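Me: Got a model open here and I'd like to talk it through. Can you start with the cysteine terms?

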Amino acid sequence: MKTIDIGSLFRNNIKNLKPYTSARDEFKEITGDFIFLDANENPFDTGFNRYPDPQQRKLKKVFSELKRVNEDQILFGNGSDEVLDLIIRAFCEPGIDNVLSISPSYGMYEVLANINNVEYKKSLLNSLDFSLNLNDIFAQINDNTKLVFLCSPNNPTGQILNFDDVKRVVEGFDGIVIIDEAYIDFSTEKSWLKMLSQYNNIIVTQTLSKAFGLAGIRLGIAYASAQIIAGLNKIKPPYNINQLTQEKALSVMIDKSYSKNLNTCNSIEKNLLYKALVKLNFVLKVYPSDSNFILIKVTNANEIYDKILKKGIVVRNRTKDDLCENCLRISIGTPDQNRILIDVLKSISESE
Ligand SMILES: *Cc1c(COP(=O)(O)O)cnc(C)c1O
């Protein structure tokens, strides 16, 4: 259990901000027999002539029921990247405050901090098992640290972060911990969502970009205490989730079989790929994965990357990331794509 004074964490200008109110904010009825002449929209029905609901109420109702959180604990963004940017802008005073994340991890945290002129601190994971170095994290946190980003399962390492380790950070840090769960649907471990009722200083982010196969529609989600969500709502662009995205997301979320069908083969294929990878003579290490990709350490990442690319397959070279020297990150493909990949890797292995 932990309750901190969220109100005092917001930047001063955000505390005092009077948000933009759109026509749809001021007149909220969307059903009923009204003639809408309040938003300078084109009156002729194109299917999209009206501005979308700035609060995405239909979508929130569905997510609220599925995830068992209140509607006022949900914020949608144009991908989770927008959500992460809003969080930094809401809490961090440029040039004064700082944020901390783990390394290696998702590159956007650092870019977003840099864009906002917010100092970015990074805490190296333990190199043996990519677990959190709690002593280092707490040593680096200071009075101006507003946010800690923890990605779990982590990208590019692929593993879930130990629950008790994350809990130590959440309980020991008097700021906000963002738990980025972009890959949680691929993990057998539980989401931190269920902890929202116990900690008012966490933000859990998820996305439709991975397990839901909808990277193209750009829908990311933040779940947090109502007070945090209200603050983020004040600064989000009014119409950040367009009509097409809201409609597509709604149809997918009410279809129970949709994401199940997309992900049935992920863990079987991941195991098959894992078994094939450990046999290759240029592969030094295959890291366990709770996600939809596998990180491997090879003899020479640049060389192997090029050889794989020459066969028409694009993987991600992570050799420049901390602790990832000579590492490649490989997404799990369809069964057919994985067969082709394994054949290519075997042929490279035999010619080494
Ligand atoms: C892919 C990914 C995301 C998703 O970002 P979107 O903007 O929602 O597409 C978020 N966090 C991590 C760690 C990711 O790897």
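Reply: Sure: a disulfide here is a pair of cysteine sulfur atoms within 2.5 Å. Bear in mind this is a predicted model, where local features need pLDDT of at least 70, side-chain atom pairs count only at pLDDT 80 or more, and totals for chains, interfaces and linings use all residues. Residues are numbered from 1 along each chain as its sequence is written, and side-chain values use heavy atoms, with hydrogens and water left out.

Me: OK, how many disulfides does the structure hold?

Reply: There are 0.

Me: Why is there no bond from Cys327 to Cys324?

Reply: Because the two sulfurs are 4.7 Å apart, too far for a bond. For Cys327, Cys324 has the closest cysteine sulfur.

Me: And is Cys324 buried or exposed?

Reply: Buried (under 20% relative accessible area, 1.4 Å probe, protein chains only), at 0% relative accessibility. Cys327 is buried too, with a relative accessible area of 0%.

Me: Switching to the ligand: how many residues surround it?

Reply: 13, each with a heavy atom within 4 Å of the ligand. The closest are Ser80, Tyr183, Ser209, Lys210 and Arg218. By class, the shell has 4 nonpolar, 5 polar and 4 charged residues.

Me: Which side chain has an N or O atom 2.7 Å from a ligand nitrogen?

Reply: That's Asp180. The Asn155 side chain has an N or O atom 2.8 Å from a ligand oxygen, and a backbone N or O atom of Asp81 lies 3.1 Å from an oxygen of the ligand. The protein buries 93% of the 390 Å² that the ligand exposes taken alone (Shrake-Rupley method, 1.4 Å probe).

Me: Nice. What about Leu132, what is it in contact with?

Reply: Leaving aside neighbours within four places in sequence, Leu132 has contacts (heavy atoms within 4.5 Å) that include Ile102, Leu125, Asn126 and Val169.

Notes: Polar contact = N/O pair within 3.5 Å; in protein donor to acceptor, adjacent residues only side chain to side chain. Nonpolar A, V, L, I, M, F, W, Y, C, P; charged D, E, K, R; others polar. Buried < 20%, exposed > 50% of the residue type's maximum accessible area, 1.4 Å probe, protein only.
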